[in-house]
Amino acid sequence: MIKVFIAGVLTLLVGLFSAPTWAVLTIEITQGQDTGIPIAVVPFRFQGQQRPNEDIRNIVSADLYRSGRFLSLPPGDFLSRPSGPDQIRFKDWRLIKAEALVIGRVSQLGNDRYEVNFYLYNVFKEKLLAGYRWTVGSSQLRQVAHQVSDYIYEALTGTPGAFDTRIAYVTVEKDSSNTRQYQLMVADSDGHNAQQILRTNFPILSPAWAPDGKRLAYVSFASRTSGAMIWVQNVETGERRKLLQEKGTASAPAWSPDGRRLALRLSRDGNHDIYIFDVAASRLTRLTKHPGIDTEPAWSPNGRHLVFTSDRSGRPHIFRISAAGGPAQRLTKEGRENAGASYDPNGKHLVMVTNQGNGDQIGVFYTGNNELKLLTDGPLDDSPTYSPNGAMIMYATQRGNQGVLAAVSADGRIKQILRLHQGEVREPAWSSRKQ
Amino acid sequence: MNRAVRKFSRPVRAVILAVLVHVAFGLLLGLSLSFKPQVIEPSVAKPVKAIVIDRSAIEQEEKHKAEAKKKHKAEAEKKRKAEAEKKRNTEAKKKHKAEAEKKRKKEAEKKRKAEAEKKRKAKAKKKRQAEEAREQEKQAAYSALGSLVGAIKRKIEGNWSNRLACSGQEVTISVKVNISGEVTAVKVVGDSGDDTCRRSAENAVYKASPLPFPDNPRFLKWLDQEFQIIFKPGI
């Protein structure tokens, strides 16, 4: 009796589930196109007498391309060129499969006064995602363009942009008397607007941005025979302060995330070890004590750990140590050599220089599974530095026997050489976002 | 006329006239006699006792009466019987007729039922055939769509340009299409995925429109034109 009843219920259930329509079809999408988000950036319309030199559209388009996350559609494909919200025909943009549309205009208000209007639309939803206005002089138009790129980047990727940021780097060139001239330079993240911060006949090493995006720490020398000096310089005011004067060598200062301490490599105790310098208290603490060479410290984003390069196990490899000291743990085991590691903003990846037998390449090390993924081809790639949003990596490389800077998207897909300077360029450092 | 009258002489005319007068008087006399009979009723004394003058006559009379009555009665009886017979006949006839009718009806009903059964069977057969045809069409529709699942997947994947926006996430999008496969509605199911991830998935679907869809309009009624698309970036 019960069996009959159950069978009846089952029949009923089967009947219910085999309703005469197709049960909702489910399709799982796991792969993507990965060519970047197709975006149409319409040339900004200019209204006025004196057209500024800066072309906002080109700056924005180049920024977006460099990030590897966008596919900036060629203006030749555009069916219309709106400059205001009332002129948009979304159909024109759906047709060329743009997911996002950027329009804007630059209006001259007076002598060297410009008003910039910018709008970002979701093409398929016909929805405004961002709209901003600036009133600036012509010298600030590049920065406006980078801010436009940042708004676009954040709206479409969900991660804050890092275009309106700066890079610091060192150049080396010979003057007329064949003497080496070292310059500490600061430029926009795309390499434009380069400005000299310091010029000296003696080497400048390891510029490092403080988290405030204003102060730079670096190592320089007063003479051939002087020991290394650690300086901190405010790039906006030019004010600088000497933190340490060493008898021996020093290199690779790295700011703690709270901006109050510097980790660096000193050789004051007869050996190359990692020290931590408390800036406000001017107090130095030794972090590592090992006969091998420990150098190139970098903080984890939460400030609890540091990674550094050490040859304590033979060839240079990356080790990790608590900021409070204690035993160091070896992280990299693959490859011939690994060096110069630093954390991405999420603290999950480490970018580093790796030598796997094909010269020095830039690689990303995944701390979760200890895998190392190569981003560049080498053979002389050096000094990788993450953009503050972790989306790009800048590094030094060689082109035609000359050191140049290059940028690579974090997925390794887009690489670009930054043509900054006639001379040799070294040791880039990417600032955090301006505050 | 005047000539004829003139034929008689005056004395003749007088005689004729006299005769006519006499006849007239004689007639008048006859009339007066017949008009005035002047009969005087004899005054008869009232009899003290009635005397039956003719008994046989009375008996005869009574006999007559009885016979008449008898005859009348017989006739009435005859009539009654006749009527009863008539009535009986009528009823029998009526009954017969009713029975015939009943029989006829029964047969008609039987015939009707047989026809209905035949019809019903034919209908059931037709229905079964229609159901089989529908089932075949349904299966054909399902397999037509089933064979397009890969194409739908590839087309959407080919348009998912911002997979990174969904890394570590999963978003389910409900998509409606029309007969041409054109996307008519896109909706995020539940609260899966963040804004950027959702947008990247929605855009992929919009850009992939029209999606591959069976182009047989007969299949349409079998196919739910709503899909669930799960965006889940693989490694």
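The exercises below, each with a worked solution, concern a predicted model with chains A and B.

**Exercise 1. The contact between the chains**

Determine how many residues of chain A are in contact with how many residues of chain B, and work out which elements of chain A give two or more residues to the side that touches chain B.

Solution. Begin with the count of residues: 28 residues of chain A are in contact with 36 residues of chain B. The area follows, since the two chains bury about 3200 Å² between them, and 53% of this lies on carbon and sulfur atoms. Next come the polar links across the interface, where 20 residue pairs are in polar contact, both residues being at pLDDT 80 or more. On the side of chain A that touches chain B, the elements giving two or more residues are β1 (25–29), β2 (37–41) and α4 (141–157) of chain A. Of these, β1(A) supplies the largest share, with five residues. Sorted by character, the residues of this side of chain A comprise twelve nonpolar, ten polar and six charged ones.

**Exercise 2. A sheet that holds strands of both chains**

Find the strand of chain B to which β1(A) is joined by bridges, and then establish which strands stand at the edges of the sheet that results.

Solution. Start at β1(A), which is joined by five bridges to strand β3 (residues 226–231) of chain B, the two strands running parallel. Strands of a sheet pair through backbone hydrogen bonds, either parallel or antiparallel. Two residue pairs let the reader find the register in the structure: Thr26(A) stands opposite Gln228(B), and Ile27(A) has Ile229(B) as its bridge partner. Continue into chain B, where strand β1 (residues 171–177) is joined to β3(B) by six bridges and runs antiparallel to it. Here Ile173(B) stands opposite Ile229(B). The whole is an open sheet of four strands in the order β1(A)-β3(B)-β1(B)-β2(B), with mixed pairing. Because β1 of chain A and β2 (183–188) of chain B each have a single partner strand, they stand at the edges, and one side of each is left without a neighbour in the sheet. Neighbouring strands of this sheet are turned against each other by 25° on average, with direction ignored. As a last step, look for the helix that lies across β1 of chain A and β3 of chain B: this is α4 (residues 149–157) of chain B, which runs at about 40° to β1(A).

**Exercise 3. Salt bridges between and within chains**

Identify one salt bridge across the interface and one within chain A, and explain which parts of chain A the latter ties together.

Solution. Side chains of opposite charge can pair when their charged atoms come close. The structure holds 25 salt bridges over all chains, and two salt bridges are found across the interface of chain A and chain B. One salt bridge between the chains is formed by the side chains of Lys125(A) and Glu202(B), at 3.4 Å from N to O; this distance falls within the limit of 4 Å used for a salt bridge. Within chain A, the side chains of Arg142(A) and Asp190(A) meet at 2.7 Å, N to O. Since Arg142(A) lies in helix α4 of chain A and Asp190(A) in the loop between β9 (180–188) and β10 (195–200), this pair ties together parts that are 48 residues apart in sequence.

**Exercise 4. An antiparallel sheet of chain A**

Give the order of the strands in the open sheet that includes β27 of chain A, and explain why one side of β27 and of β30 is left without a neighbour.

Solution. The order is β27-β28-β29-β30, with antiparallel pairing in this open sheet of four strands. Because β27 (382–386) and β30 (415–418) stand at the edges with a single partner strand each, one side of each has no neighbour in the sheet. The twist from one strand to the next averages 30°. Between the edges, β28 (residues 392–399) and β29 (residues 402–409) pair over eight bridges in the antiparallel sense, and Ile393(A) stands opposite Val408(A) in β29(A).

**Exercise 5. Backbone features in loops**

Locate the loops that hold Pro379(A), Pro210(B) and Lys97(A), and describe the backbone at each.

Solution. Pro379(A) lies in the loop between β26 (371–374) and β27 of chain A, and the peptide bond leading to Pro379(A) from Gly378(A) is cis, with omega near 5°. In chain B, Pro210(B) is placed in the loop between α5 (195–208) and β3, and the bond from Ser209(B) to Pro210(B) is cis, with omega near 0°. Lys97(A), in the loop between α3 (90–95) and β5 (100–110) of chain A, has a phi near 60°, a positive value in a residue other than glycine.

Note on methods. Residues are numbered from 1 along each chain as its sequence is written. Chains are lettered from A and ligands numbered from 1 in the order in which they are written. This is a predicted model: local features need pLDDT of at least 70, side-chain atom pairs count only at pLDDT 80 or more; totals for chains, interfaces and linings use all residues. Side-chain values use heavy atoms; hydrogens and water are left out. Two strands pair if DSSP finds at least two bridges between them. Axes are lines fitted to C-alpha atoms, for helices over the stretch in contact, and angles run from 0 to 180 degrees between N-to-C directions. Contact means heavy atoms within 4.5 Å. Buried area is the accessible area (1.4 Å probe) that two parts lose on being put together, summed over both. A polar contact is a pair of N or O atoms within 3.5 Å; within protein, one must be able to donate a hydrogen and the other to accept it, and residues adjacent in sequence count only if both atoms are side-chain atoms. Ala, Val, Leu, Ile, Met, Phe, Trp, Tyr, Cys and Pro count as nonpolar, Asp, Glu, Lys and Arg as charged, and the others, Gly among them, as polar.
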